[in-house]
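Q: Hi! I've got a fold open on my screen and would like to talk it through with you. Could you help me find my way around?

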Amino acid sequence: MPVEDHVKFIKYKERSILQIDFEGCRPEQMLERIRFARTTIGRQPLASVRTLTLVRDARFSNQVSKEMKEYTIHNKPFVRCAAVVGLSGLQEVVYNVIIKVTGRKIATFSDVGPAKEFLARDG
């Protein structure tokens, strides 16, 4: 599937949410999707984007961790609220480092439903 099928705006309760799907990705797929999502987010008005990031079973590398940190910093002015779904193991370690370094507030969820509810309510 093209990267556009994994990084796309969806509607939920009349809210536009950018869903970024990294589920089951290998590092090279993650890098491609990170770059595409960064460009997509950078084209939006400041403080307007709601992001839903799906990471269950995604495989990270040092390069992915580095680019994810840069991506998170880049996105900060554009993102109104953010949720990530499916963190486990090493992903949680990377997430905690990114949050500490970037100062971002990104809510974590184990399931998509509550994450979408959060994003629909926030803002």
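Q: Let's jump right in: which residue does Leu 54 stand opposite in strand 4?

A: Leu 54 faces Val 85 there. Keep in mind as we go that this is a predicted model.

Q: Thanks! How many bridges pair strand 3 with strand 4, and in which sense?

A: Six bridges, and the pairing is parallel. Strand 4 covers residues 79–85. Between the two strands comes helix 2 (residues 62–75), and the three elements together make a right-handed β-α-β unit.

Q: And what about strand 2, how does that run relative to strand 3?

A: Strand 2 (residues 15–21) is parallel to strand 3, with four bridges joining them. Ile 20, for instance, has Thr 53 as its bridge partner in strand 3. The chain gets from strand 2 to strand 3 by way of helix 1 (residues 27–42), in a right-handed β-α-β crossover.

Q: Is strand 3 buried or exposed?

A: Mostly covered: six of its six residues, 49–54, are buried. That goes for both faces, with Val 49, Thr 51 and Thr 53 on one side and Arg 50, Leu 52 and Leu 54 on the other.

Q: Zooming out, what's the strand order in the sheet?

A: The order is 1-2-3-4-5 in an open sheet of five strands, and the pairing is mixed. Strand 1 (7–12) and strand 5 (107–109) each have a single partner strand, so one side of each has no neighbour in the sheet. From one strand to the next, the twist averages 30 degrees.

Q: Which strands does helix 1 touch?

A: Helix 1 packs on the sheet and touches strand 1, strand 2, strand 3 and strand 4. Its direction makes about 60 degrees with that of strand 1.

Q: New topic, the hydrophobic side. Which residues touch the most other members of the largest nonpolar core?

A: Ile 20, Phe 22, Met 30, Met 68 and Tyr 71, out of 26 residues in that core. Helix 1 gives the largest share, five residues.

Q: Tyr 71 caught my eye. What is Tyr 71 in contact with, leaving aside neighbours within four places in sequence?

A: Its contacts are Ile 20, Ile 34, Ala 37, Arg 38 and Ile 41. There is also a second, separate core of nine residues, and Ile 10, Leu 52, Leu 54 and Ala 115 are among them.

Q: Now for charges. How many salt bridges does the count come to?

A: Four. One of them joins the side chains of Glu 67 and Arg 35, at 2.4 Å from N to O. This pair links distant parts of the chain, with Glu 67 in helix 2 and Arg 35 in helix 1, 32 residues apart.

Q: Is Glu 67 buried or exposed?

A: Buried, because its relative accessibility is 12%, under the 20% cut-off. Arg 35, at 44%, is partly exposed.

Q: How far apart in helix 2 are Lys 66 and Glu 70?

A: They are four residues apart, so about one helical turn separates them. Their side chains meet in a salt bridge at 3.2 Å, N to O. Lys 66 is partly exposed at 45% relative accessibility, and Glu 70 is partly exposed at 33%.

Q: Last one: which residue does Glu 28 meet in a salt bridge?

A: Arg 26, with 2.8 Å from N to O. Glu 28 counts as partly exposed at 48% relative accessibility, and Arg 26 is partly exposed too, with a relative accessible area of 40%.

How values were computed. Residues numbered from 1 in each chain as written. Predicted model: local features only at pLDDT ≥ 70, side-chain atom pairs only at ≥ 80, totals over all residues. Heavy atoms only, no water. Buried < 20%, exposed > 50% of the residue type's maximum accessible area, 1.4 Å probe, protein only. Pairing = 2+ DSSP bridges. Right-handed = clockwise from strand over helix to strand, strands pointing away. Axes fitted to C-alpha atoms, helices over the stretch in contact; angles between N-to-C directions. Contact = heavy atoms within 4.5 Å. Core = buried A, V, L, I, M, F, W, Y, C linked by side-chain atoms within 4.5 Å.
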